[in-house]
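Here are a few friendly notes to read beside the model. Take the points in order and keep the viewer open as you go.

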Amino acid sequence: MSDSHDWYDDTSGSHIRCSGDLPGTHKSKMSKRPPPDPVAVLRGHRASVMDVCFHPSHNLLFSGSSDGELRIWDSVQHRTISSAWVHSAAHGIISVSTSPSIGNNKVISQGKDGTVRCWDIEHGELSRTPSVSIDANTYHFCKLSLVKRASGDTKNSDKLTPHHVKEATEASSQEIYHGVQEEAENSKIHKNDDCQEGRPYVAMAGAECSEVEIWDLNAAERIARLPHSSGASKNDFTRGKGMCMAVQAFLPSEAQGFLHVLAGYEDGTMGWWDLRNPGVPLTSVRFHSEPVLSFSMDGMFNGGVSGGADDKIVIFTLDLSLGSCILKKEISLERPGIAGTSIRADGKIFGTAGWDHRIRIYNYKKGTPLAILKYHRATCNSVSFAADCKQMASASEDTTVALWELYPPRPFA
Amino acid sequence: MVDGERTEKTIGAELNTNSNIKVLEKVGEAILSINQAKNVDQVISALYSLAVRLFPLDSRAFAGSIDKQYRDEVIGVEVPSEHERDNWWQVFYRSTAFPTLARVLLSDVALNWLTCFPTSAKRHLYDVFFLKGCVSEVVQTLVPYLQHHSNGKLETAVCSNTERLLALCLLENDGVLQLAREFSHQPENISLEQHKSAICKVSQLVISVPDKARQGASTLLSSHIYIKRITIQLIQGAEEWNNNYTDKSTNFNTILFIGDAFARICRRGSTDVLLSEMIPRIVTQVQSLVTPGCDLTISESFKSKSSLQFWSKIMEAVKDSYAVERISEQLLQKLATQNINDVEGYWILWLLFHEIFELQSSIRSMFTERFLLWKVFPVCCLRWILQFSVLQCPPDNEFKVKSDDHCNLLNTTKRLLAVWSKREFVQSAPIEQQAYITAAIGLSLEKLNKEDLDATKDAMHLILQGVSCRLESPSSLVRQMASSIALVFSKVIDPSNPLYLDDTCKEETINWEFTSANTDKAGLPISDGKEVNTTQDNSFKDAKVKNKDKELMELTLLDPDEVIDPATLNNEATSDVDDYNDDDNEDDDETSSESSLQPYDLSDDDTDLKNNFSQLVDVVGALRKSDDADGVERALDVAEKLIRAAPDELPFIASDLVRTLVQVRCSDSTLEGEEESAEEKRQKALVALIVNCPLGSLDPIHKLLYSPNVDTSQRILILDVMTDAALELARAKTARQKHPTRAQIWTTAETQPWFMPSSIGPAGSSIWKEISATESPLSLTYSYERDLPSKPGQIKKGKSRRWSAKSMNEVQDNRVEWSQNKFPPFAAAFMLPAMQGFDKKSHGVDFLGRDFIVLGKLIHMLGICMKCSAMHPEASALALPLLDMLSTREISHHAEAYVRKSVLFAASCVLLALNPTYVASALVEGSSELSRGLEWVRTWALSVAESDTDKECYTMAMACLQLHSEMALQTSRALESSDSVIQCGLLLLPLYIEVA
């Protein structure tokens, strides 16, 4: 490491920013350095902020609140750029999401009114009308998931056997009558294999709350339901599992273009679906005793983190070749309830948004706690890292979004 | 021959008469020639011719300074034999010859010739008659000449000469020592009684010298130096006597003289000088014996040491009991200032007093009665006194229970307890006296055991009675006395199970000094406007200071600039890496960066998570559930905030809230890290309630005050809270608006919206005016006001602003009216109901008797209310009923000083609160009630200042009088400025009296 980079090496001391607009300062020095305060607090929402996400490349931050307002913030100047009521105030927004897979000028909002809307961003302003609006007719608490792609680094890919690649989606009960469509859908996906960029998919809990549905965003049509039992096998996988509470779609590089979906259910079960086999999940495990509320996968899809309504955070590993999901570490909490998890793009740390008003930071590799961030005065709904790993945003019911800068990544890493 | 070695000679009567005549003849001759002398040399030669027969003189010493004619004459005088001279000397001083000659020498010669005398002649011829004479005779002759009058006026020359001679004789020449020696020989021709009276006479004369000397006399004769030197000689004389006379019983005259002199010194008020000489000697002597290393035990060595016995003999010889008391008292006081331990102290007392203590009952009663019950000594003295007079054994001895001594101790303890346990004693005795007797009891109890106490039935009863009546006292010092005694008592009963009534006395040994470190200041604020914090406040403050100290300590422990050894960090890092490599060594790249993930402080507490009450109804509900302590605490946490927010439902719920807040039980302890205890929170909530909703909450709180269902502490709480609320209301700056604002209350945070005007500006900056509509970037009209907190204690980072979308005109219409004091409109509601029932005695309510503290607090609260409404018309209206209440006999002459103090305070507040112009106009209009009330304040304060036993009462009464005269002065000025001076001259009379 060159001298000029020493500043970034965090071993030598704390990296606490103090500026005049901080809401509070820490009272006393303790034996360890105190946890940092947010570098900025974004105020403007008038209701609980449900979700927050960074734009993959621009300095933009999207936040959606439970009164249906979607705000776009400049994450450097900490100012509102634009605000719009994108869903009805009565229903509000469940989640906002963006991804390179849907293009850099788009943002998706999911409302509790059962619609998913895709908005164009022009010069920081939202389009007046959504470019796509899916009336999915789904009413639940599950945040949708765009397809997460493996990060560019593929050097370990040889370890994974490619033939297991599928799309793992899981859906609720039986669905025998959908079986007829299976073949067709599978083939469709196969065809789209080469042109994924053009065909963004969205995974979300379906109209039948225990199902997961995959929608094609551009066409605004549903392309799969999980579970989707074929006529032969009477699938009762989802029986007793309850609603689907969390979903994460991802596309491992070895998967030959087949979507995989990780779904969490109300009873704490997680199912790993390969879209090629919508009848039964690749594997299903039950790490949580209460509803699974959020997932986050690391960039290589070797594992992830899940949080639920119970008092633990689970770090698990996924092995595509074996199709196994193994518990790696269980972190127990004093107070239950993790509403959101997010692993930073570099896979070093992950954050959780707790019902206990706290954002917790852990070392992803080791699962050791790193910080307990106390700023929010109400339940935290979501936490999200910027793609460049420099910033983290947390959204809370106290109507604020807090921006944090922690453990800055090494610039050359 | 003036020396003590001179042996007594038997002079035959015949010879005596014979030489007597010869001497008288010779003296006559000398006097005649002095009278006829024409020049000084004739006088000198006449004197010499006499002196040479009496004293061994060397004429050459002064011969050179006289004329040759006379010199020959002088040298020619026949010198008698030594035996003859001795004989003459005896006759000269034992007969009338010396007084006769002295009269001539002291008046005539001193006046006419002495100034002409050559110095040598003066010394060898003139002074020799006084310096080498018989001192007792010389003294008797000289002292009257100190005040020699002729023709009705003082002869300065004679007096100064006499003073000179006395100083020479008694001080330079060790005359007093010689006197002591002289008196050891009792002349045969006089009886013992005569001798004794002579001794008394001489000692009286000797000691009276400083008082008889003129104003401008030599400093040698000034009382301090004179007595000091005399004392040294007296003690020396006593030591000599002690060495010379082994048979002490027969020859007592010297000691008689010394004792008499001591007594007279004391009578003349120079005990301190006397003791300043005595004490160092005694102390060194005692210390030399007490120091370890002797073969004998201390007590044996004292008793065998004959060389120290003269001390007790001297004390025995001091017949004047007053003198003995003065000596012993001052001795103790002085010893207390020196570094004397208990053993030494005991032996000093023993050395001086053991004989008279055994012999004289008056001395015994002095020690066991006066010194224990009436006087106040430092505690170390108290130990010596108890040891010496009650236990009667040296303190180093194991206390061996001799039945009579033990009985003695028990009796003394009982006697002390009888005094101590009386309520009247607690009420009226000065605090020092109380502390002293408490210490005496404590020290005595420490020596007793359970069986002894059991044997005396009433002792236990008295102890309990005394403790219980002290525990109610408003003075913490008195309470501390009670708890100390209780502790000692409990240790006597069961040593393994001590009873701590108080947190302060946790130490092994009790501090019987009750030193000023923990005395409480005034139970009540002093009237001159400065409020003295109550003890409670002090203790809180102390606690806070302690906490702060703690914090400071912690802070210093953590050096922010701590030098961190990079090596250790590297070690940590590498160990980290090792760990990491153990479980995941596939990625070398990342291991190095893992070290950057140092955890922050992971401590977490859940204080912010407890769900808080947001409605006052919920608070009331939670407070009622006394079994849910946690809920009560949380309710108290938020109560004040909610009340301060003054929601609409506050007036409706106020009375319920008052009742629940007063009756809720909560702890007074502060959790670690918490700023206030639940008790404080409750008080603050109540204050907030009264401030925000006075009319709704005062009525129930007054009902509670006189309700039988609350206890004393709750009544005190009520009064404290009312006091605080009155003060807060008086301080509050209120904004009265003509129209209720329709403005939105908008609390903005630190990040300011861009359209807001800059908030930068000094604290307390002016109210924000509106920005005109045209300048605003938006087409809306905004108007801004800024409301900065006026209370210094209430510093918050955020700013609250009123943000309204009104036109400028409206804002102007809406102009805020500021008023400084919100209290006066509520003064009557605060005071009148509280004053109604103070003298009613019903079940559980007895303000005038048992609950006198509540009464004191009540009166204090009323005083504060008066002060808060000072100079307002309400004060004038309320002053009369308050003065009426104060002047009732039960209150103004209450047995407890605490109540009297609060009455003084309230009266002072009334004086402060009345507007002079109002007093003036009331007088003009002939309102006799007011002038009567004010006159009562004056006379009553005067009587307190004159006769009250309590020191604080006295000082407060003085302050009150001062305020009264101040007010009278102001009133008279107000009257003068009006035209009606003449009309009311009569009415003002009482006021003018003490202006003048």
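1. In α35(B), the buried residues (under 20% relative accessible area with a 1.4 Å probe, protein chains only) are B:Pro694, B:Ser697, B:Leu698, B:Pro700, B:Ile701, B:His702, B:Leu704 and B:Leu705. Their cover includes α33 (650-663), α34 (678-692), α36 (712-731), α38 (824-836) and α39 (852-868) of chain B, where contact means heavy atoms within 4.5 Å.

2. This is a predicted model, in which local features need pLDDT of at least 70 and side-chain atom pairs count only at pLDDT 80 or more, while totals for chains, interfaces and linings use all residues. Residues are numbered from 1 along each chain as its sequence is written, chains are lettered from A and ligands numbered from 1 in the order in which they are written, and side-chain values use heavy atoms, leaving out hydrogens and water.

3. Back to α35 of chain B: the helix (a DSSP run of H or I, at least four residues, numbered from the N terminus) covers residues 694-705, twelve in number. From first C-alpha to last it reaches 16 Å, close to the 16 Å expected at 1.5 Å a residue; the expected span is 1.5 Å times one less than the number of residues.

4. Now the cysteines. Over all chains there are zero disulfides (pairs of cysteine sulfur atoms within 2.5 Å). B:Cys960 is in none, and the nearest cysteine sulfur, that of B:Cys909, lies 9.6 Å away. B:Cys960 counts as buried because its relative accessibility is 0%; B:Cys266 is also buried, at 2%.

5. Finally, look at B:Leu501, in the loop between α27 (476-493) and α28 (535-557) of chain B. At 42% relative accessibility, B:Leu501 counts as partly exposed, a class that runs between buried and exposed (over 50%).

Conventions:
Helices (H or I, at least four residues) and strands (E, at least two) are DSSP runs, numbered from the N terminus.
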